[in-house]
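Welcome! Here are some exercises for getting to know a protein fold step by step, each with a worked solution.

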Amino acid sequence: MMSNVMKAVQISDFGGQNVLALNTVDIPTPKVDEVLIKVRAASVNPVDWKIREGYLQPLLNHSLPLTLGWDVAGEVVATGDNVTSLAIGDAVYSRPEIANNGSYAEYIAVSADEVAIKPASLSWQEAAGVPLAALTAWQALNEYVQLKQGERVLIHGGSGAVGQFAIQLAKLRGATVYTTTSSRNTELVLGLGADHVIDYREKDFSTLEDLDVVFDTIGGETQDNSFKTLKKGGRLVSIAKTPEEDKAAAFGVNASFCFVLPNRAQLEKLAVLADAGQLTVTIDSEFALNQVAEAHARSETGRAQGKIIINVSA
């Protein structure tokens, strides 16, 4: 018999890592269109600590206390009355709606249309590392800039979680991939399929010319210096800061900002790629539910090589 309470890592105030608390809360009851997932693993994304700090509150307007974490792999243990796509016992993964309570918890209720069957070839930890980062790369490259075969794309921060998926998805599209990273990550990104690796500490990427696409995961000066690498009519997409329209216009390029959305159909396609051996997940580090503060500290360094995983239940 399942108890009616669970452990969840929540914030009751915005602030530093010290606001993270391991609380005992009620297990959510799934609504008619939701499933209840027993969480095996979750993952940490920069959006988690940006929400924790309150940076995104003007945009998201969360009510507190809030359970953080918007990546999950686990199994369905209950379904709402209207759910026909999933059944109890299904192994699933999801990037749930970010307005709702998240996955740093023993259970999470998620809309069934945001949940897909987990890739069979991936562990719970690997599967938890896919949804948010891979959907971000998928939506940025396939929807926002519509990367095509034979195009040249510069992916910033190739060793980060989003960058790693972006390299792999761009290669599957038939693009030529340039990426920036530090020299210690050169082998990693080459192994994922990058054609040209630029050590950002040694070389100036902005001497590149006539690129078709730039995927900016960093913002700031990196974004500003990226415009001149594009050919006229080229496309820049950022997940770090909204590009300035007048700057883009001055260079004769198109620029957009991508904020990732849940998407079940895309998760299903990513699962097919993973099970075909065409999508690799690199795990940087793993933490327990009572170590979320340390996991956030790792994420906030900006130096994680791949995914930071929270192990919730065995």
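The exercises below concern this predicted model.

**Exercise 1. The sheet of six strands**

Find the order of the six strands in the open sheet, and say which strands stand at its edges.

*Solution.* Begin with the order, which reads β11-β10-β9-β12-β13-β14, with parallel pairing. Next, look for strands that pair on one side only: these are β11 (196–199) and β14 (254–257), the edge strands. On average, neighbouring strands of this sheet are turned by 15° against each other, direction ignored. Now zoom in on one pair of strands: β9 and β12 (residues 211–216) run parallel and are joined by three bridges. To see one of these strands at residue level, start from Val 153, whose bridge partner in β12 is Val 213.

**Exercise 2. Helices on the sheet**

Work out which strands α4 touches, and which strands α5 lies across.

*Solution.* Take α4 to begin with: this helix packs on the sheet and touches β12, β13 (230–238) and β14. The direction of α4 makes about 150° with that of β12. Then turn to α5, which lies across β9, β10 (176–181) and β12. The angle between α5 and β9 is about 170°.

**Exercise 3. Two partners of α4**

Describe how α4 is oriented against α5 and against α9.

*Solution.* Two packed helices are described by the angle between their axes and the distance between the axes. For α4 and helix α5 (residues 161–172), the axes come within 8 Å and cross at roughly 50°. The two helices are therefore oblique to each other, α4 against α5. The crossing of α4 and α5 is right-handed. On the α4 side, the contact residues are Ala 133, Ala 134, Thr 136, Ala 137, Trp 138 and Leu 141. They meet Ala 161, Val 162, Phe 165, Ala 166, Leu 169 and Ala 170 in α5. Sorted by class, this contact has 11 nonpolar residues, one polar and no charged ones.

Now do likewise for helix α4 (residues 131–144) and helix α9 (residues 264–275), whose axes come within 10 Å and cross at roughly 105°. An angle from 65 to 115 degrees counts as roughly perpendicular, so α4 and α9 are roughly perpendicular to each other. From α4, the contact takes in Pro 131, Ala 134, Leu 135, Trp 138, Gln 139 and Glu 143. From α9 come Gln 266, Leu 267, Lys 269, Leu 270 and Leu 273. By class, the contact of α4 with α9 has seven nonpolar, two polar and two charged residues.

**Exercise 4. A further helix pair**

Find the angle between α1 and α10, and sort the residues of their contact by class.

*Solution.* Helix α1 (residues 46–53) and helix α10 (residues 292–300) pack at about 110°, with their axes 9 Å apart. That makes α1 roughly perpendicular to α10. Next, list the residues: α1 gives Pro 46, Asp 48, Trp 49, Arg 52 and Glu 53, while α10 gives His 296, Ser 299 and Glu 300. The contact of α1 with α10 divides into two nonpolar, two polar and four charged residues.

**Exercise 5. The sheet of three strands**

Explain why β2 and β4 each have one side without a neighbour in the sheet.

*Solution.* Write down the order of this open sheet, β2-β1-β4, in which the pairing is antiparallel. Here β2 (20–26) and β4 (66–67) stand at the edges with a single partner strand each, so one side of each is left without a neighbour in the sheet. As a close-up, strand β1 (residues 5–11) runs antiparallel to β2, and seven bridges join them. Ala 8 stands opposite Asn 23 in β2.

**Exercise 6. Local details**

Locate a salt bridge between distant parts of the chain, a cis peptide bond and a positive phi.

*Solution.* Side chains of opposite charge can pair when their charged atoms come close. The side chains of Lys 307 and Asp 71 form a salt bridge at 3.7 Å, N to O. Lys 307 is in strand β16 (residues 307–311) and Asp 71 in the loop between β4 and β5 (72–79), 236 residues apart.

For the backbone, recall that most residues other than glycine have a negative phi, and most peptide bonds are trans. Leu 64 and Pro 65 are joined by a cis peptide bond, with omega about 0°. Pro 65 sits in the loop between α2 (57–60) and β4. Lastly, Gln 146 has a positive phi near 45°, and its place is in the loop between α4 and β9 (152–155).

Notes
Residues are numbered from 1 along each chain as its sequence is written. This is a predicted model: local features need pLDDT of at least 70, side-chain atom pairs count only at pLDDT 80 or more; totals for chains, interfaces and linings use all residues. Side-chain values use heavy atoms; hydrogens and water are left out. Two strands pair if DSSP finds at least two bridges between them. Helices (H or I, at least four residues) and strands (E, at least two) are DSSP runs, numbered from the N terminus. Axes are lines fitted to C-alpha atoms, for helices over the stretch in contact, and angles run from 0 to 180 degrees between N-to-C directions. Angles under 35 degrees count as roughly parallel, over 145 as roughly antiparallel, 65 to 115 as roughly perpendicular and the rest as oblique. Contact means heavy atoms within 4.5 Å. Ala, Val, Leu, Ile, Met, Phe, Trp, Tyr, Cys and Pro count as nonpolar, Asp, Glu, Lys and Arg as charged, and the others, Gly among them, as polar. A crossing is left-handed if the near helix is turned anticlockwise from the far one by less than a right angle, and right-handed if clockwise. A salt bridge is a side-chain nitrogen of Lys or Arg within 4 Å of a carboxyl oxygen of Asp or Glu.
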